[in-house]
Amino acid sequence: MSYDADVLIAGGGLVGGTLALALTSAGLDVILIDPAPEAGGAGFDGRSSALALTSQRLLKALGVWARLADDAQPILQIKVTDGRAGEAPSPFALEFDHAEIEEGPMGYMAENRHLRFAIASTVAESPVRAIAAGVTAQSTDGAGVSANLADGRRLRGRVLIGCDGRDSGTARRAGIRHVGWRYLQSALICAVRHERPHGGVAHQFFMPEGPLAILPLTGNRSSIVWSQPHAQAARVMALDEAGYLAALRPRFGGFLGEIALEGERYTYPLSLSLAQHFVAPRVALAGDAAHVVHPIAGQGLNAGLKDVAALAQVLAEARRRGEDVGAPDVLARYQTWRRFDVTALAVATDAFNRLFSNDNPLLRFGRDIGMGLVNALPGARRGAIREAAGLTGDLPRLLQGRPL
Ligand SMILES: Cc1cc2nc3c(=O)[nH]c(=O)nc-3n(C[C@H](O)[C@H](O)[C@H](O)COP(=O)(O)OP(=O)(O)OC[C@H]3O[C@@H](n4cnc5c(N)ncnc54)[C@H](O)[C@@H]3O)c2cc1C
């Protein structure tokens with residue numbers, strides 16, 4: 001039986017591109033398929049990502065970080081505050097400082113265009129074979145999987161990995177269903193330039209209508225993720241630039257001085273979606289194709305990169321042992337490793353959003369006391385910092401900064 005590659009990857013976004021690099025670093029032969037391969041590097045479109053410390057280690061191990069480091073802003077502190085627009089924040093706040101853990105910054109903020117460019121240019125210089133076409137159909141048999149492409153080609157591999165995002169065709173064609181729901185919120189996304197330096201501090205303000213995250217970018221700039229009920233988000237989005245800033249200012253406060261918009265603004269309807277299975281015969285899912293969570297903790301991409309590290313390790317070890325990398329028991333190891341962790345993340349982000357996105361005085365009192373308590377207990381604080389840095393749980397080798 002002949003194969004075009006060991007592994008076919010459908011979807012060359014941030015997760016698919018990184019997975020292709022991880023697998024080739026372990027000697028696997030990979031074809032990366034995407035109808036709209038993004039080179040990145042163009043003008044700033046306003047979108048950015050939070051990368052946990054462990055995600056940075058992964059990018060470093062794969063040779064991506066060297067191309068990104070100059071454009072990444074270390075997150076040195078996280079401040080969490082309960083508030084209402086136009087009012088002084090609650091005195092009960094949480095402060096997490098990177099100096100409380102030995103490993104370094106809790107994470108980094110990077111503009112997506114720089115991240116895409118760093119991954120795409122590393123892929124271009126790697127043995128990964130990239131094809132600009134969409135996967136339109138797939139079929140499996142005992143020995144492998146075939147993928148039909150929109151340009152008429154048909155490719156055969158031992159396993160097909162769906163990294164094709166939240167509306168994954170790979171999952172649908174494999175009969176994998178998702179469970180979840182739509183939130184009554186949309187996230188408004190933009191970047192602002194401000195007068196005063198942010199000092200590497202990330203802020204999370206919990207407002208009754210939804211959380212507002214202000215995340216430090218390089219220079220005097222911050223990325224904004226502002227969750228609002230749909231109708232309110234649509235109203236703010238429809239405003240011109242001055243109106244948008246006028247709506248943002250009372251929530252943002254004056255601590256960074258005057259603010260101005262930079263790049264474009266976006267709005268995303270928020271949802272939670274979990275694949276019932278992460279694998280099917282000769283198929284595995286990673287990234288948003290497997291799970292979409294509320295952006296409240298900035299963990300969506302980090303969870304996808306953890307899938308990458310776990311799946312690459314499982315397949316690399318299988319290859320070293322002479323196993324078929326698409327065999328059901330090999331893919332089952334990946335599912336066992338990741339599914340519980342991802343479900344726990346989805347439940348935690350959902351509960352957090354429900355607890356904080358309301359104005360019930362009793363809940364407000366309870367969460368303020370809870371935040372005050374966590375802040376007063378160094379052990380609890382360190383635990384939360386390690387969680388934000390991605391240092392908890394059963395870490396795959398690449399997230400420990402070790403080669404596969
Ligand atoms: C508002 C918001 C804020 C967020 N903030 C953060 C944050 O701060 N930190 C964080 O870690 N995460 C964050 N996330 C989550 C993060 O953006 C996603 O988890 C991440 O982009 C998912 O990457 P992906 O590669 O899995 O999917 P995608 O980026 O969706 O990529 C999917 C790829 O598949 C390709 N594709 C589609 N169909 C086919 C096909 N038929 N054949 C082949 N290829 C196909 C597409 O062209 C695309 O390139 C946020 C998400 C939202 C909505």
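This briefing describes the ligand site, helix α2, the surroundings of Ser49 and the cysteines of the structure above. The model is a predicted one. Its ligand is surrounded by 25 residues, and the protein covers 80% of the 1000 Å² of accessible area that the ligand has on its own. Helix α2 (residues 53–61) is largely enclosed by the rest of the structure, and the structure holds zero disulfides.

**Ligand shell**

- Among the 25 residues around the ligand, the closest are Asp34, Val135, Asp288, Gly298 and Leu301.
- By class, the shell is made up of twelve nonpolar, nine polar and four charged residues.

**Polar atoms facing the ligand**

- A polar backbone atom of Leu301 lies 2.7 Å from an oxygen atom of the ligand.
- For Gly298, a polar backbone atom is 3.0 Å from a nitrogen atom of the ligand.
- At Val15, the distance from a polar backbone atom to an oxygen atom of the ligand is 3.1 Å.
- The protein as a whole leaves the ligand with 80% of its 1000 Å² of accessible area covered.
- Two or more residues of the shell come from each of the elements α1 (14–25), β12 (178–194) and α7 (300–320).
- Helix α7 provides the largest share of the shell, three residues.

**Ser49 in strand β3**

- Ser49 is located in strand β3 (residues 48–52).
- With a relative accessible area of 11%, Ser49 falls under the 20% limit and is therefore buried.
- The side chains of Ser49 and Asn112 are joined by a polar contact of 2.7 Å.
- Beyond its neighbours within four places in sequence, Ser49 is in contact with Tyr108, Met109, Ala110, Asn112, Leu115 and Leu301.
- Leu301, one of these contacts of Ser49, is also listed with the closest residues to the ligand.

**Helix α2**

- Helix α2 is largely enclosed because seven of its nine residues are buried.
- These buried residues are Leu53, Thr54, Ser55, Gln56, Arg57, Leu58 and Leu59.
- Their cover includes α1, β3, β7 (107–111), α3 (112–124) and α7.
- Gly63, just after α2, takes a positive phi of about 80°.

**Cysteines**

- No disulfide is present, the count for the structure being zero.
- Cys163 has a relative accessible area of 9% and is therefore classed as buried, the limit being 20%.
- Cys190 is likewise buried, with a relative accessible area of 1%.

Methods. Residues are numbered from 1 along each chain as its sequence is written. This is a predicted model: local features need pLDDT of at least 70, side-chain atom pairs count only at pLDDT 80 or more; totals for chains, interfaces and linings use all residues. Side-chain values use heavy atoms; hydrogens and water are left out. A residue is near a molecule or strand if one of its heavy atoms lies within 4 Å of it. A polar contact is a pair of N or O atoms within 3.5 Å; within protein, one must be able to donate a hydrogen and the other to accept it, and residues adjacent in sequence count only if both atoms are side-chain atoms. Accessible areas come from the Shrake-Rupley method with a 1.4 Å probe; for residues, only the protein chains shown count as cover. Helices (H or I, at least four residues) and strands (E, at least two) are DSSP runs, numbered from the N terminus. Ala, Val, Leu, Ile, Met, Phe, Trp, Tyr, Cys and Pro count as nonpolar, Asp, Glu, Lys and Arg as charged, and the others, Gly among them, as polar. A disulfide is a pair of cysteine sulfur atoms within 2.5 Å. Buried means under 20% relative accessible area, exposed over 50%, partly exposed in between (1.4 Å probe, protein chains only). Contact means heavy atoms within 4.5 Å.
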